[in-house]
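User: Got a minute to walk through this model with me? I'd like to begin with the side chains.

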Amino acid sequence: MRTLIDILGWSGSGLIILAYALTLIQNRKYLDYGKYLNLLGGLLIAINCYYYNAIPPFVTNLLWSVIATLTLYKSRNKKEKCNKAQCLS
């Protein structure tokens, strides 16, 4: 079980680093992927931290995932409103 938790933690770290790298590319197409990578990466690290009873980084990564979720929700609402109004941006 410990090995699985370690793999999840390292995978989460890799996903967050990948998400950051995608933001540096500054391509709108990749920014949407980065939001999902941040969400999943934060959750995986939070699972790892919870398992090892590391509460401060657990809370930090849980909040990281909440922020990513809110950002995804906001961008979806913006796209839906834009589609209804037939925006060009």
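**Salt bridge and helices**

Analyst: Sure. This is a predicted model. Lys-35 and Asp-32 sit 3 residues apart in helix 2 (residues 28–51), which means about one helical turn separates them.

User: Why does that spacing matter?

Analyst: An α-helix has 3.6 residues a turn, so residues three or four places apart point the same way.

User: What do the side chains of Lys-35 and Asp-32 form?

Analyst: A salt bridge, at 3.8 Å from N to O. The cut-off is 4 Å. The count comes to 1 salt bridge by this rule.

User: Is Asp-32 buried or partly exposed?

Analyst: Asp-32 is partly exposed, at 27% relative accessible area.

User: Zoom out. How many helices and strands?

Analyst: There are 3 helices and 0 strands. The pattern along the sequence is α-α-α.

User: What about the length of helix 1?

Analyst: Helix 1 covers residues 2–25, which is 24 residues. At 1.5 Å a residue it should span 34 Å. Its end C-alpha atoms are 35 Å apart, so the two values agree.

User: Which residues of helix 1 are buried?

Analyst: Ile-5, Gly-9, Gly-12, Leu-15, Ile-16, Ala-19 and Leu-22.

User: And what follows helix 1?

Analyst: Gln-26, with a positive phi near 60 degrees.

User: New topic: aromatics. How many pairs?

Analyst: The count is 2 aromatic pairs. Tyr-50 and Phe-58 make a tilted one, 5.4 Å centre to centre with 50 degrees between the planes. Tyr-51 and Tyr-52 make an edge-to-face one, with centres 5.0 Å apart and planes at 90 degrees.

User: Why is the Tyr-51 and Tyr-52 pair edge-to-face?

Analyst: Because planes over 60 degrees apart count as edge-to-face, and the planes of Tyr-51 and Tyr-52 are at 90 degrees.

User: Are those tyrosines buried or exposed?

Analyst: Tyr-50 counts as exposed, at 55% relative accessibility. Tyr-51 is partly exposed at 38%. Tyr-52 is partly exposed too, at 31%.

User: Last bit, overall shape. What's the radius of gyration?

Analyst: The chain has 15 Å, where a compact globule of 89 residues would be near 12 Å. The C-alpha trace spans about 50 × 20 × 20 Å along its principal axes.

User: How much is buried, and how much area is exposed?

Analyst: Buried residues are 29% of the 89. The chain exposes about 6,800 Å², and carbon and sulfur atoms supply 66% of that.

User: And what about contacts along the sequence?

Analyst: Take contacts between residues at least 6 apart in sequence: 63% of them join residues at least 24 apart.

How values were computed: Residues numbered from 1 in each chain as written. Predicted model: local features only at pLDDT ≥ 70, side-chain atom pairs only at ≥ 80, totals over all residues. Heavy atoms only, no water. Helix = DSSP H or I, 4+ residues; strand = E, 2+ residues; numbered from the N terminus. Rg over C-alpha atoms; globule rule 2.2 N^0.38 Å. Buried < 20%, exposed > 50% of the residue type's maximum accessible area, 1.4 Å probe, protein only. Contact = heavy atoms within 4.5 Å. Areas by Shrake-Rupley, 256 points an atom, 1.4 Å probe, with all protein chains shown as cover. Expected span 1.5 Å × (residues − 1). Phe/Tyr/Trp six-rings, centres within 6.5 Å; stacked < 30°, edge-to-face > 60°.
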